[in-house]
Amino acid sequence: MIGCGNVRHAELLRVPLSSVDQDSAGIGRQAAALGFEPGPSQGERPRPKTILLPPKIVARESTRRQV
């Protein structure tokens, strides 16, 4: 079983939940940086921008094999 978001208390559950860490702090930093960028000139259309922040798997007991 695996969760999404890597919530703060996932390791404290009865069976610690593995999770996909979406780098929430990195998303916030990128959003703030975009807010400080100058906008398009008058009459110019805004250009779309793609920013990829790679997720990572945080493996805990919920995905470990029992032998």
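A residue is called buried when its relative accessible area is under 20%, exposed when the value is over 50%, and partly exposed in between, with a 1.4 Å probe and protein chains only. The model is predicted, and local features need pLDDT of at least 70, side-chain atom pairs count only at pLDDT 80 or more, while totals for chains, interfaces and linings use all residues. Residues are numbered from 1 along each chain as its sequence is written, and side-chain values use heavy atoms, with hydrogens and water left out.

By the first of these terms, arginine 60 is buried, because its relative accessible area is 13%. Arginine 60 belongs to the segment that follows strand 3 (56–58); helices (H or I, at least four residues) and strands (E, at least two) are DSSP runs, numbered from the N terminus. Not counting residues up to four places away in sequence, arginine 60 touches Asn6, Ala10, Glu11, Pro16, Leu17, Ser18 and Ser19, where a contact means heavy atoms within 4.5 Å.

The overall plan of the protein chain comes next. Its secondary structure consists of one helix and three strands, and along the sequence these elements follow the pattern β-β-α-β. The protein chain has a radius of gyration of 18 Å, whereas a compact globule of 67 residues would have one near 11 Å; this radius is taken over C-alpha atoms, and the globule rule is 2.2 Å times the number of residues to the power 0.38. Along the principal axes, the C-alpha atoms of the protein chain fill a box of roughly 65 × 20 × 10 Å. Of the 67 residues in the protein chain, 16% are buried. The accessible surface of the protein chain is about 6100 Å², and carbon and sulfur atoms account for 56% of this area; such areas come from the Shrake-Rupley method with a 1.4 Å probe, and for residues only the protein chains shown count as cover. Among contacts between residues at least 6 apart in sequence, 53% join residues at least 24 apart.

The three strands form an open sheet in the order 1-2-3, with mixed pairing; two strands pair if DSSP finds at least two bridges between them. Strand 1 and strand 3 each have a single partner strand and stand at the edges, so one side of each is left without a neighbour in the sheet. Neighbouring strands of this sheet are turned against each other by 25° on average, direction ignored; the axes behind such angles are lines fitted to C-alpha atoms, for helices over the stretch in contact, and angles run from 0 to 180 degrees between N-to-C directions.

Strand 1 and strand 2 pair in the parallel sense over three bridges. Isoleucine 2 stands opposite serine 18 of strand 2, and cysteine 4 has valine 20 of strand 2 as its bridge partner. Strand 2 and strand 3 run antiparallel and are joined by three bridges. Here valine 20 stands opposite isoleucine 57 of strand 3.

Serine 19 is found in strand 2 and is buried, because its relative accessible area is 2%. Not counting residues up to four places away in sequence, serine 19 touches Ile2, Gly3, Cys4, Gly5, Asn6, Lys56, Ile57, Val58 and Arg60. A polar atom of the side chain of serine 19 lies 2.7 Å from the backbone nitrogen of asparagine 6. By contrast with these contacts, the C-alpha atoms of serine 19 and isoleucine 51 are 22 Å apart in space, and the two residues are 32 apart in sequence.

Asparagine 6 lies in the loop between strand 1 (2–4) and strand 2 (18–21). Its side chain makes a polar contact of 3.3 Å with the side chain of aspartate 21; a polar contact is a pair of N or O atoms within 3.5 Å, and within protein one must be able to donate a hydrogen and the other to accept it, while residues adjacent in sequence count only if both atoms are side-chain atoms. Among the residues that asparagine 6 touches, not counting those up to four places away in sequence, are Val58 and Arg60.

Aspartate 23 is placed in the loop between strand 2 and helix 1. Although aspartate 23 is not a glycine, it has a positive phi of about 55°. Aspartate 23 is partly exposed, because its relative accessible area is 28%.

Phenylalanine 36 is found in helix 1 (residues 24–36). Phenylalanine 36 is exposed, because its relative accessible area is 75%. The C-alpha atoms of phenylalanine 36 and valine 58 are separated by 32 Å, with the residues 22 apart along the chain.
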